Amino acid sequence: MKVAIIGTGYVGLTTAVVLAYLNHDVAAVDKDESKLNLLQEGKSPIHEPGIQSLLEEVQHTIRFTPSVAEVVPEAELILIAVGTPPKKNGEADTRHVEQAAREVAEVCLPDRHYTLVVKSTVPIGTNRRVVEVVEDVFSARGVRGNISVASNPEFLQEGLALQGAFYPDRIVVGANSDEAIDTLRHLYQPILEQTFDPPSEFPRPAAYHLPPMMTTDPSSAEMIKYAANTFLALKISFINEIAGLCEEVDADVTEVARGIGLDARIGSQFLRAGLGWGGSCYPKDTAALLRVAAQSGYEMPITEAARTVNFRQRERIVEKLHGTLGTLKGKTIGVLGLAFKPNTDDVREAPALDIIRELIATGATVRAHDPIAIPNAQAALHRENTTTPELQFTEDVYELSYDADALVLVTEWDFYHKLELRKLAKQMKTPILIDGRNVYSPEEARVAGFHYIGIGRV
Ligand code: UGA
């Protein structure tokens, strides 16, 4: 199938590469010149396991261009995967989605049928708005175009994007037209029936079952996306709230999570207590959902509380440092991990950045490490003028810990599991380890010489 994808961020690029791998004829559009240059040279602008090699493998069925007009007329299906950045009031800004829809409607041929799919995460009602935008363009052009609009929310997790795209739990389609549903079923057929040969880096999981394609109306599909993210976010906040109480009563939250997770109704995933959620999704999507609710005069106290608990986790880490070191003024703190989660260089809404800001504000010196996210963290902090001599970045964890007063593990990179704890503890001024993701066994860390403090465990 001839597919045009507008936007080559995490969602657009992953989708483009996977559809090209499934032998669709894919053209991806992006206006960002530097990104486009990289893509045209066959290089991925994002760090995502497996994407570079897959991009090289699909070179013959994929192309990248800045021009909607060049690819849309001949496409059968057009996916909009542009960003919906948060406005100051938390609302998701759908300007780019509407603009993409407008550009599509301006260049599509009146005598052909197109399916226009909104994959970007958009506030409930946006698909209806896209239909209006398309109709307005058609009437301005004086043509009776034929575009069916559908919602097809994306559930990809950064760091696991390709795995999730080849082996999804479900595909959700919200559409009012059978034609659009049929086109999307045809697009995803190799995934729905698992008829493709798995790429060598992504073998089919042994216990994987064929994913259902759920069809519904567009507004419900849009709501499914927000409800899914909000539910996962509050599951994490719930275990973090329990973790705080575990600390008060000498219980261990990792044991509690194991015990409740064995109940199939609760499930064991997303019960890892720690520094909570960051990234481009949960913070933004929970805020956007609250905006949608506020516009209807509806209160969502559970979602509000999930946010409060989440951001409190960052403050609690600094309180833990105060609790052991007293004043932080003049103290040297090593921060392990800058990315909002492992296997990505994404630092958007990363807990590490808030913690660094707070430590610098209290007069501490910070040495920060990350296996790959240092450039992005530097750029983010530089933009807001947080770069000071008291903030140093280093690629060597042992250098970072030398003479430091405490270490804080913020991102659970595999790399940190393998550190020589004894060596680290030995060269610190005071061997304090705040394990913000409960990565280490408290016992092991203590034997290695650390004063160990985890989240919700004794
Ligand atoms: C999330 C959802 O998982 C995806 O399904 C969705 O498509 C995506 O948002 C999106 O809307 O685009 P993502 O933000 O990439 O994906 O990452 P997650 O793996 O969900 O992790 C989010 C945050 O939660 C991370 O900061 C992670 O450290 C934290 N987390 C996760 C916990 O603190 N505890 C857990 O048990 C799990």
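1. A quick definition before the sheet: two strands count as paired if DSSP finds at least two bridges between them. Keep in mind that everything here comes from a predicted model. With that in hand, there is an open sheet of six strands to look at, in the order β11-β10-β9-β12-β13-β14, and the pairing is parallel. The edges are β11 (391-393) and β14 (451-453), each of which pairs on one side only. On average, neighbouring strands in this sheet are turned by 20° against each other, direction ignored.

2. What joins β13 to β14? Strand β13, residues 432-435, runs parallel to β14, and three bridges join the two. If you want one pair to click on, take Ile434, whose bridge partner in β14 is Ile453. As background, strands of a sheet pair through backbone hydrogen bonds, either parallel or antiparallel.

3. Over at the β11 edge, have a look at helix α14, residues 374-383. This helix lies across β10 (365-369) and β11. Its direction is at about 155° to β11.

4. Now the domains. The chain is divided into domain 1 (2-216) and domain 2 (282-453), and their centres, taken over C-alpha atoms, are separated by 34 Å. Each side puts residues into the contact: 16 from domain 1 and 16 from domain 2.

5. How much area is buried between domain 1 and domain 2? About 1200 Å², with carbon and sulfur atoms giving 54% of that. In general, the size of an interface is often given as the accessible area lost when the parts come together. As for charged pairs, the rule finds one salt bridge across the interface of domain 1 and domain 2.

6. On to salt bridges over the whole structure, where a search finds 23. Side chains of opposite charge can pair when their charged atoms come close. A good place to start is Arg348, whose side chain meets that of Asp346 in a salt bridge, 2.8 Å from N to O. Arg348 also meets Glu158 in a salt bridge, here at 3.7 Å, N to O. Is Asp346 buried or exposed? Asp346 counts as buried because its relative accessibility is 5%, under the 20% cut-off. Arg348, with a relative accessible area of 41%, is partly exposed. There is also a network: salt bridges that share partners join Glu98, Arg102, Arg129 and Glu132.

7. Which residue does Glu412 pair with in a salt bridge? The partner is Arg272, and the closest N and O atoms are 3.6 Å apart. This pair links distant parts of the chain, 140 residues apart. Glu412 is in the loop between β12 (406-409) and α16 (414-417), while Arg272 is in the loop between α10 (253-261) and α11 (282-295). Accessibility splits the two: Glu412 is at 18%, so it counts as buried, whereas Arg272 is at 61%, so Arg272 counts as exposed.

8. One last pair to check is Glu41 with Lys43. Their salt bridge has its closest N and O atoms 3.0 Å apart. Why does Glu41 count as exposed? Its relative accessibility is 52%, and exposed means over 50%. Lys43, at 41% relative accessibility, counts as partly exposed.

Note on methods:
Residues are numbered from 1 along each chain as its sequence is written. This is a predicted model: local features need pLDDT of at least 70, side-chain atom pairs count only at pLDDT 80 or more; totals for chains, interfaces and linings use all residues. Side-chain values use heavy atoms; hydrogens and water are left out. Helices (H or I, at least four residues) and strands (E, at least two) are DSSP runs, numbered from the N terminus. Axes are lines fitted to C-alpha atoms, for helices over the stretch in contact, and angles run from 0 to 180 degrees between N-to-C directions. Contact means heavy atoms within 4.5 Å. A salt bridge is a side-chain nitrogen of Lys or Arg within 4 Å of a carboxyl oxygen of Asp or Glu. Buried means under 20% relative accessible area, exposed over 50%, partly exposed in between (1.4 Å probe, protein chains only). Domain bounds come from an automatic or database domain assignment. Buried area is the accessible area (1.4 Å probe) that two parts lose on being put together, summed over both.
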